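Student: Could we go through the packing in this one together? I'd like to see the cut-offs as we go.

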Amino acid sequence: MNIDIGSGEVVYGDVGFTYAEDKAVDRHITAYDAWLDREFGIRPNPNAPVHQYLDPEDIFLTLQTMAVYDAVALFKHSIEHMDCPLEYIRAVKPFVSTIIVITPNAATNNADYVDHTHVYAWLSPTMNNFLGRALGVGWTVSERVDVEREVTNGRDLVFIARKNE
């Protein structure tokens with residue numbers, strides 16, 4: 001199962017979660033479509049259910065009710081908007097074996113941080129440290145690729161965290 005956290009209106013995978021009070025316009029960034037499909041089998045899914053959440057506990061309880069396990073969680077241009085990203089990573093951790101985080105790179109993508117809805121600006125070392133601390137022992141975190149963004153012609157950070165077998 002593939003879980004899209006912060007999906008907005010376009011869900012990648014089997015189930016999406018969108019913030020209930022989010023008034024921002026969702027931008028469907030297609031630059032990752034081929035890569036996500038090739039690497040993880042994750043595609044935009046217009047038929048996927050979208051659950052609204054107000055906090056990480058809503059996501060945790062929904063995944064628990066759905067009996068999700070060994071899933072892939074995708075945070076695609078959502079983690080920079082979250083007030084408490086640590087809590088969101090920890091909410092999905094029990095249900096997943098892989099976490100993908102795609103976020104603007106604050107070092108090379110300054111134009112994107114004019115967006116008033118961004119709470120955090122991520123750099124490569126801070127994202128690496130954050131994921132390592134959020135996931136702890138038993139996970140391997142790696143920066144997979146710094147892909148150019150289609151919308152702003154800036155650059156993103158792309159991190160993959162995998163549960164060790």
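Here are some questions and answers on the cores, the ring pairs and one polar contact.

Tutor: Ground rules: this is a predicted model, where local features need pLDDT of at least 70, side-chain atom pairs count only at pLDDT 80 or more, and totals for chains, interfaces and linings use all residues. Residues are numbered from 1 along each chain as its sequence is written, and side-chain values use heavy atoms, with hydrogens and water left out.

Student: Which helix or strand gives the most to the largest nonpolar core?

Tutor: A nonpolar core is a set of buried Ala, Val, Leu, Ile, Met, Phe, Trp, Tyr and Cys residues joined through side-chain atoms within 4.5 Å. The largest has 30 residues, and Ile 3, Phe 75, Ile 89, Val 92, Val 96, Ile 99 and Met 127 touch the most other members. Several elements (DSSP runs numbered from the N terminus: helices are H or I, at least four residues; strands are E, at least two) supply at least two residues each, including S1 (2-5), H3 (85-92) and S5 (96-104). The top contributor, with five residues, is H4.

Student: And how many residues are in the other core, the one with Tyr 12 and Trp 35?

Tutor: That core lies apart from the largest one, and Tyr 32 and Phe 40 are also among its members. Its count is twelve residues.

Student: Is Tyr 120 buried or partly exposed?

Tutor: Buried means under 20% relative accessible area, exposed over 50%, and partly exposed in between (1.4 Å probe, protein chains only). Tyr 120 has 33% relative accessibility, so the label is partly exposed.

Student: What kind of aromatic pair do Tyr 120 and Trp 122 make?

Tutor: Rings of Phe, Tyr and Trp (its six-membered ring) pair if their centres lie within 6.5 Å; planes under 30 degrees apart count as stacked, over 60 as edge-to-face and the rest as tilted. Here the centres are 5.7 Å apart and the planes sit at 35°, so the pair is tilted.

Student: Which residue joins Tyr 120 and Trp 122 in a ring cluster?

Tutor: Trp 122 is buried, at 7% relative accessibility. Trp 122 has a tilted pairing at 5.0 Å centre to centre, with 50° between the planes. The partner there, and the other member of the cluster, is Phe 130.

Student: Which side chain makes a polar contact with Ser 97?

Tutor: Ser 97 sits in strand S5 and counts as buried at 18% relative accessibility. A polar contact is a pair of N or O atoms within 3.5 Å; within protein, one must be able to donate a hydrogen and the other to accept it, and residues adjacent in sequence count only if both atoms are side-chain atoms. At 2.9 Å, the partner is Asp 70.
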